[in-house]
Every structure is written in C-alpha cells, then in structure tokens.
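The following exercises concern helix packing, strand pairing and the surroundings of a ligand. Each task is followed by a worked solution.

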Amino acid sequence: MATVAIFGSAGVVGLEIARTMVFQPEVTRLVLIDINEAKMRQEANDCAMLAENVPVVTDLTRDGAIEEVFAKYKPDVTVQAAIPISWYTLANSVPKDIWKRVNFEARIGPFLPLLLSFPIKFMEGWKAAGSPGEVIQLSLPDIVNPVLSGMGVAPSCGSGNTENLCSTLRMMVADKFACPTREIDIKLVAHHYHCWFMHSPSELPDLQQRMFHFRAFCRSYDVTDEVMGDADFLPALRKRYPYQRPRFAATSVVKNTVRMLRGDGVVTHVSSPGARGGGMDARFTSDGWVPVLPQDFSMDDVEALLQSAREADGIASIAADGTVTFTPKANGAMAELLGFDCKVLEPSQVHERAAELLECIKSIRP
Ligand SMILES: NC(=O)c1ccc[n+]([C@@H]2O[C@H](COP(=O)([O-])OP(=O)(O)OC[C@H]3O[C@@H](n4cnc5c(N)ncnc54)[C@H](O)[C@@H]3O)[C@@H](O)[C@H]2O)c1
C-alpha cells in the first residue's frame, strides 16, 4: 500500500512513468500532477481501474503550490518529471546548425541554470512540507542532484541515463553469448557524458580517454575482455543505445520506485544514488541508497572517473556547497555562440541566470 506522486505526469516522460507505475501492485494510490489538465485527466481515467487515482491540476510555479501537494498527499515516493521548458523543446526552438555546435562545443553543463532552477524550487517545496518520502529527481541527475545535495535538499536518486546504458550493455552481452539477460551481470560506473557520447558526433578516442568502468559476467564468468576486445562492440553499443526513448527512462524510474517501496535491499544500477554525481550499483536501505562498488574499485576511483566525465560535459567542479565552475572551453563556446557568459554558478544566482540564459536562447530563435 503506497502513494506515488508524479509531478509532470502529462509530459513526454511523465506519461510513460504513470502508465508503467500503475501496474505495480505496491502502488495503491497514484497522484498525478500537471498544469496540462486535459492530457493529465485523460491519463488518470486510463489508469483508474488499477489504483486510486488523484489528478491534481496546478501551476507548480505558483508560490506554495509544491508544498501544498506534498503536505496534502504525503507520497511515499515522488517522481520529479516536471520542467517548465524541456531540453528537447529548447533544442528544437533554435536553428539546427547553431544547436549542433552548442551541443558539441559547450556540452550540456553550461545549460545548468535552466535544468536546475525548477528542481531547486521543487526540493525547497518538499522540504517546506516536512520532507515526506523519497524523491526521484530526473532533470540531469548526475549534475543537478549533487548541487541540490550541497544546498541541503538532496533527492534520493535520479533515474534513466546510465541505467539505460547499463541495460543496453546487458542486452548486448546477452545477445553475444546467446544467454537470457538474467544470466548476465553488468558492473558499471558511468556518467551522463557517457550516455551523451552514444549519440554525439565525437569519435571513439574521446570516449576511450574517459571510459566508463565496466565488467561483464556471463553465468558468473568474467567475459569483459572478450567483449571489449571485439572492435565492433562500442560502435554497436552506440547504435543500440536508446535515444529519445521516454519509455526507457520510465521503466528505470519504476524499477527504482519498486526497490524503494519494497526495501528489499536488492542491488541495482542507479543513476545518482544518494544524490551522487554518477551512476553505479547501489542498494536501498534505511539510510537511503548505499553504493555497492565493483571489486578493486574504490570511491576515490569512482570520483576520479566522474570528475573526468563531468569535465567532458563542460563542468570543471561542483563544490561541497553546490557552487559549479564551468570549464573555460564550455563557457567560451556559450559566450561565443549564445552570448551567455557564466564561469561560476552559485546556488543563489541560479534563478536569475536561468532567466538570462533563456533570453540568450530566444535571441537566436528564427
Ligand atoms: N534522466 C533521464 O534519463 C531523462 C530522460 C528524459 C527526460 N528527463 C527529464 O525529465 C523531465 C521531463 O522531460 P519531458 O521531456 O517529459 O518534458 P515535457 O515538457 O514533455 O514535460 C514536462 C511536464 O511538466 C509540465 N509542467 C510544465 N510547467 C508546469 C507548471 N508550471 N506546473 C505544472 N506542470 C508543469 C508540463 O505540462 C509537462 O507535462 C525533464 O527534466 C528532463 O530533463 C530525464
């Protein structure tokens, strides 16, 4: 018996999450929240035979709205999939040639103000309501969640991204050895950059300089060297990695929700467990998500890997208080291509910087 709340439930990803979540026997009440009433109510109707359904139409940017929903429904698990302007909407609103350059030269890091602004308000609303239950925060979890943690409003985890990579690796290894996926074990430590790379114009050496940590076991035999020794493996992985497949992110959200509701301690690859800056194996305990590291791989090794990947996403560092410094290369590209110059982003400046960045993007719209 559990209440799950999905903020942004009429969105591309939120809809898929709602559709998958309602089939979980543990979920007896589904609270669907969105400003888009027609789409969200339609979804609630479709789900109503399996769980008590509570559609909530509200503008989450209204002062106190987020806190009100949390205080009223006290969800056991909340999914934060609402965003005033999604990344894809932004990408589709500007000339393709400029966006291609921005995406490649500046990377996603310098867009942080826009990806972080709403999640800050969201987590502050959660805190103001007494911090009920667990929160899965989906907006660029590998970077946004550590910043939220530095600000004292850490979500429980993210979802998607490296979880999609882990699943794709498992399916590919299963195909290679003609085995059911349940007999394949993947140990992966990775970052958003590694997922971005899969559909980028970057060449393989870019990835190989800052490779994800990966071991594959087939029926308990370590087959990593055989897999990685195959020159076709990484190119094939790039082809198979799911891009713009919201259902992939949604199944990952539902998997993590079920793990948290059951509290069964099962180890699973999680994006940003305990608001960490990357994806790794973890188990959910009374202390939240606790990482389960691969053999001979320490937390210092994890941090070094994530730091290198973060830089490739345009982020030089995330300080303990949540202050983010961008790489000179990424900031230089943003200044040149969009006229947005932000070398360092302090938590207190995020909303103001987000408004400024949006204006810069609008200025290059046709
Ligand atoms: N981690 C991952 O793998 C992954 C993958 C895809 C998307 N995402 C993230 O998921 C989030 C949603 O992405 P999407 O593509 O579904 O976006 P979307 O624009 O389709 O959905 C956003 C939803 O938020 C709602 N919303 C916007 N402003 C609102 C307001 N003021 N009040 C109430 N509701 C409001 C919209 O109506 C919409 O239904 C984004 O943060 C995106 O970055 C994460």
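**Exercise 1. Determine which strands helix 8 lies across, and describe the sheet to which these strands belong.**

Solution. Helix 8 (residues 162–176) lies across strand 6 and strand 7, and runs at about 145° to strand 6. The model under study is a predicted one.

The next step is to place these strands in their sheet. The sheet is open and has three strands in the order 6-7-8, with antiparallel pairing. Strand 6 (184–189) and strand 8 (221–222) are at the edges; each has a single partner strand, so one side of each lacks a neighbour in the sheet.

The register follows from the bridges. Strand 6 and strand 7 (residues 213–218) run antiparallel and are joined by six bridges. Within this pair, Lys-187 stands opposite Arg-215 in strand 7, and Ile-186 stands opposite Ala-216 in strand 7.

On the other side, two bridges pair strand 7 with strand 8 in the antiparallel sense. Phe-217 has Asp-222 of strand 8 as its bridge partner. Strand 7 and strand 8 form a hairpin with two residues between them, and Arg-219 in the turn has a positive phi of about 50°.

**Exercise 2. Characterise the hairpin formed by strand 10 and strand 11.**

Solution. Begin with the pairing: strand 10 (residues 279–285) and strand 11 (residues 288–291) run antiparallel and are joined by four bridges. Next, locate a facing pair: Thr-285 stands opposite Gly-288 in strand 11. Finally, consider the connection: two residues lie between the strands of this hairpin.

**Exercise 3. Classify the packing of helix 6 against helix 16 and against helix 7, giving the angle, the handedness and the contact residues.**

Solution. Two quantities are required at the outset: packed helices are described by the angle between their axes and the distance between the axes.

*Helix 6 with helix 16.* The axes of helix 6 (residues 112–128) and helix 16 (residues 350–363) come within 8 Å and cross at roughly 135°. The two helices are therefore oblique to each other. The crossing of helix 6 with helix 16 is left-handed. On the helix 6 side, the contact is made by Pro-113, Leu-114, Leu-116, Ser-117 and Ile-120, and on the helix 16 side by Val-350, His-351, Arg-353, Ala-354, Leu-357 and Leu-358. Sorted by class, this contact of helix 6 with helix 16 has eight nonpolar, two polar and one charged residues.

*Helix 6 with helix 7.* Here the axes are 10 Å apart, and helix 6 packs against helix 7 (residues 141–150) at an angle of about 45°. Helix 6 and helix 7 are therefore also oblique to each other. Their crossing is right-handed. Helix 6 contributes Leu-112, Leu-115, Leu-116, Pro-119, Ile-120 and Met-123, which meet Ile-143, Val-144, Val-147 and Leu-148 in helix 7. The contact of helix 6 with helix 7 has ten nonpolar, no polar and no charged residues.

**Exercise 4. Which residues come nearest to the ligand, and which helix gives the most to the shell around the ligand?**

Solution. There are 27 residues around the ligand, of which Gly-11, Ile-35, Ser-86, Ser-139 and Gly-160 come nearest. Turning to the helices, helix 1 (12–21) and helix 4 (87–92) each supply at least two residues of the shell. Helix 1 gives the most, with three residues. By class, the shell around the ligand has 14 nonpolar, eleven polar and two charged residues.

Note on methods. Residues numbered from 1 in each chain as written. Predicted model: local features only at pLDDT ≥ 70, side-chain atom pairs only at ≥ 80, totals over all residues. Axes fitted to C-alpha atoms, helices over the stretch in contact; angles between N-to-C directions. Parallel < 35°, antiparallel > 145°, perpendicular 65-115°, else oblique. Left-handed = near helix turned anticlockwise from the far one by under 90°. Contact = placed C-beta atoms within 7 Å. Nonpolar A, V, L, I, M, F, W, Y, C, P; charged D, E, K, R; others polar. Pairing = 2+ DSSP bridges. Near = placed C-beta within 6 Å.
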